[in-house]
Amino acid sequence: MIFSQIFDMVNIGIVILDKDLKVCKWNRWMEIHSKIPREKIVGKSVFTFFPDLNTPHFLRNFKSVVTFGNFAFFSQKLHQYLFPFETTEALGTSFRYMRQSCAMGPLRDEKNVIQYAYITVQDVTQLAAYQQKLKDLSIRDPLTKVYNRGYFEKRLEEEFDRYKRYPGTFSIIMQDIDFFKNVNDTYGHQAGDYVLKTFASIIVSNIRKVDIFARYGGEEFCCLLPETEIEAAMNVAEFLRARIESNIFQFRDTPIRITMSQGVAELQEGTVSAKSLLQKADNALYEAKRCGRNQVIRIDSSSQLSIDPPEDTPSPLPQQVNAEDIQAICHETLPTAQRDKSE
Amino acid sequence: MIKKILIIDDSPIARKMLKSCLPKDKGYELCEAADGEEGIRKYLEFVPDLTFMDLTMPKLDGYQAIDAIRKLDKDAIIVVSTADIQRESMSRVINAGVFSVLRKPMKSKFVQEILIRVEAEKKKRAGGE
Amino acid sequence: MGDEHEYIFSDEEKDILQEIMNIAFGSASADLGDVIDIYVELSTPDIQVLDVGDIPSYLIERMHFRQKETSIVAQNFWGDFKGSGILVLPNKAGRNLITVLDDDQAGLDTEPIAGQEREVLMEVGNILIGACVGKVCELLETFVTYTPPRVIHDSGNEYDSFVKSFDPSQAAIIMETVFKFQKVDINGLLFIFTNQEAIEWLRKALHNFMESYE
């Protein structure tokens, strides 16, 4: 009598499936959270009500449990949940569905032959929210809330590895706010912080969800665009350039305007490492600064030295930039008068 | 009529298990070998009516021994005993011209079944001539 | 050191243990093909009795490849038969397995590869270890409970503390098999450790098993 009470009393979901995946038992916790009473589901395949469970991953683990009698573990880290139940914990989480930690194990008959599998479901939404917070602290920039440099570099390495194996490519944009020091000196650090935060949020709202945008340094940012060739990346960069140039950063009573320089590079066959790609974009960024700022420069790797110096730049190429690799195409966007003023 | 049975398996325990599954009242004459090479030699000397063969053995493995024996005697009746009955392994075994497969761990009743089928096959072959 | 252990199992008991392991690993291979839908071949297991202190050097020697290039999945189990299972795979294996197991995981393209690989390794480790231990238990008419699998990184600390977790006063029986996935070219090692406590029970279980064949 006590045992049967445990089944319906505990704060855990318990489901028992037979070898054909039909539901044999559905405890009270499951009834309440799924809003499916046991009479409706017992005897039917679990996939009838939960078609999304029908994945090779789930089946593989189920078969393993009923064949070998081992246990299967579904952590919330990768799977988030097995059963889509709306979260009951409204406080402090941004999850729509309950995060679950589930386990599956074998059940035998009197002859010790495995006839069923049980699934236990635990609500770990609070835990997941906490883990998320912790993770954010380590991967995000505290001021702007975008990713930090460490995380960007890690993702860059991963994407580099991924793209070395699959077709397609990605591009990165290095960005630097022009004359940012002046903003701080002229308007104060609080204004500077405001500009950085607003700058970051403008960029974020104008790129895709899959793009990885990070704060690389004080006023330096970078963006990794997956599945993007350099032409498309240039278009994005140009669009962003114009957006930032035209935006009025209203800090209290003061309207502030800024521009940014950008360097763009694309992952290619000959790219040897993630770092070298980053270096290329950085070189392009440097060139953008040199060419007068508020513009976008791209790097194409070519063995041919072919440089078209912008018409109004009298100074020769500085030594640090590797002349062999640069074929600079300046996007001239500043009116001639302002170009003369640059640097 | 099955009179002589040859058991080829590198595990003495497996041989013991198989022997204990054979009915004692039929007066079978038994011979054992512990690897493929010895198995072939014994086959030639002993000329069994039925051979049980393990697949994974040192020196000469089961497949090679089966090949060699069938070359010597195309009518050899060979039963493979193995724990690994995956589709891939099985098709290879069947193509090698094996009479049947006995799954390990062996049970008396399955061994009996095989003996009955082998008796029937021998009768058929004798009748056919 | 090794001499004391000569008497743990008599020759006949060793033969029985060997045959049971052969059968267990062979039928695990067979069933794995159905469960993970990939043809897997497990080699005839090699059985050794070692002092726990000798395990690290033995592992390094058997693993052939250096520690840095391998991924290790470990899992404990308890019951009458108690011990650990360890799966050793070359680092690239995780990635190859992802593409072969090809399922909804692929949809998680936004998830960093390292995370996916880890999960795949744990899943495969869980299934392989469970298959072998499960079949042994089936033959010996017992069952065990498993702890969740974990991936042990090559960072010195984790590996060392894992090895240190074995009771140094005891001996370990190591059953080692090489497994090959046919669809993907991955070779790895599977070790099952059990210690002296389990040996008394194991000895009885071996004799029980042979009873029906006397």
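**View 1. The buried residues of helix H8 in chain A of this predicted model.** Let us start with Phe152(A), Leu156(A), Glu159(A) and Phe160(A), the buried residues of H8(A). They lie on the same side of the helix, because the arc they cover around the axis is only 110°. An α-helix has 3.6 residues a turn, so residues three or four places apart point the same way. Turn to the other side of H8(A) and you will find Gly150(A) and Arg165(A), which are exposed. The cover over the buried residues of H8(A) includes strand S7 (212-215), strand S8 (220-225) and helix H12 (274-290) of chain A. H8(A) itself runs over residues 149-165, and its 17 residues should span 24 Å at 1.5 Å a residue; the end C-alpha atoms are 25 Å apart, which agrees.

**View 2. The largest nonpolar core, with Leu128(C) among its members.** This core holds 112 residues, and those touching the most other members are Ile20(C), Ala24(C), Leu128(C) and Cys132(C). Helix H5 (residues 113-139) of chain C gives the core its largest share, 13 residues. A second core, separate from this one, has 48 residues, including Phe152(A), Ile177(A), Met234(A) and Ala237(A). Phe152(A) may be familiar from the first view, as one of the buried residues of H8(A). Back in chain C, look for Leu87(C), Phe179(C) and Leu190(C), which Leu128(C) touches when residues up to four places away in sequence are not counted. In soluble globular proteins, nonpolar side chains tend to be buried together.

**View 3. Where chain A meets chain C.** Here 19 residues of chain A are in contact with 22 residues of chain C. On the chain A side, the elements giving two or more residues are helix H5 (56-68), strand S3 (72-74) and H8. The largest share of that side, seven residues, belongs to H5(A). Sorted by class, the chain A side has seven nonpolar, six polar and six charged residues.

**View 4. Where chain B meets chain C.** In this contact, 17 residues of chain B pair up with 16 residues of chain C. Helix H1 (12-21) and helix H4 (87-95) are the elements of chain B that give two or more residues to the side touching chain C. H1(B) gives the most, with six residues. The chain B side is made up of seven nonpolar, five polar and five charged residues.

**View 5. Ile40(B) and its contacts in chain B.** You will find Ile40(B) in helix H2 (residues 36-46) of chain B. Ile40(B) is partly exposed, since 19 other C-beta atoms lie within 10 Å, and a residue needs 20 or more to be buried. Beyond its neighbours within four places in sequence, Ile40(B) is in contact with Ala65(B), Ala68(B) and Ile69(B).

**View 6. Backbone details in three loops.** Most residues other than glycine have a negative phi, and most peptide bonds are trans. Lys104(B) and Pro105(B) are joined by a cis peptide bond, with omega about 0°; Pro105(B) sits in the loop between strand S5 (100-103) and helix H5 (108-128) of chain B. Arg252(A) has a positive phi, near 55°, in the loop between strand S9 (249-251) and strand S10 (254-256) of chain A. With 8 C-beta neighbours inside 10 Å, Arg252(A) counts as exposed. Asn294(A) also has a positive phi, near 50°, and is found in the loop between H12 and strand S12 (296-299) of chain A. Asn294(A) counts as buried, because 24 C-beta neighbours lie inside 10 Å.

Methods: Residues numbered from 1 in each chain as written. Chains lettered and ligands numbered in written order. Predicted model: local features only at pLDDT ≥ 70, side-chain atom pairs only at ≥ 80, totals over all residues. Helix = DSSP H or I, 4+ residues; strand = E, 2+ residues; numbered from the N terminus. Buried ≥ 20, exposed ≤ 12 C-beta atoms within 10 Å, placed from the backbone. Contact = placed C-beta atoms within 7 Å. Core = buried A, V, L, I, M, F, W, Y, C linked by C-beta atoms within 7 Å. Expected span 1.5 Å × (residues − 1). Arc of directions from axis to C-beta. Nonpolar A, V, L, I, M, F, W, Y, C, P; charged D, E, K, R; others polar.
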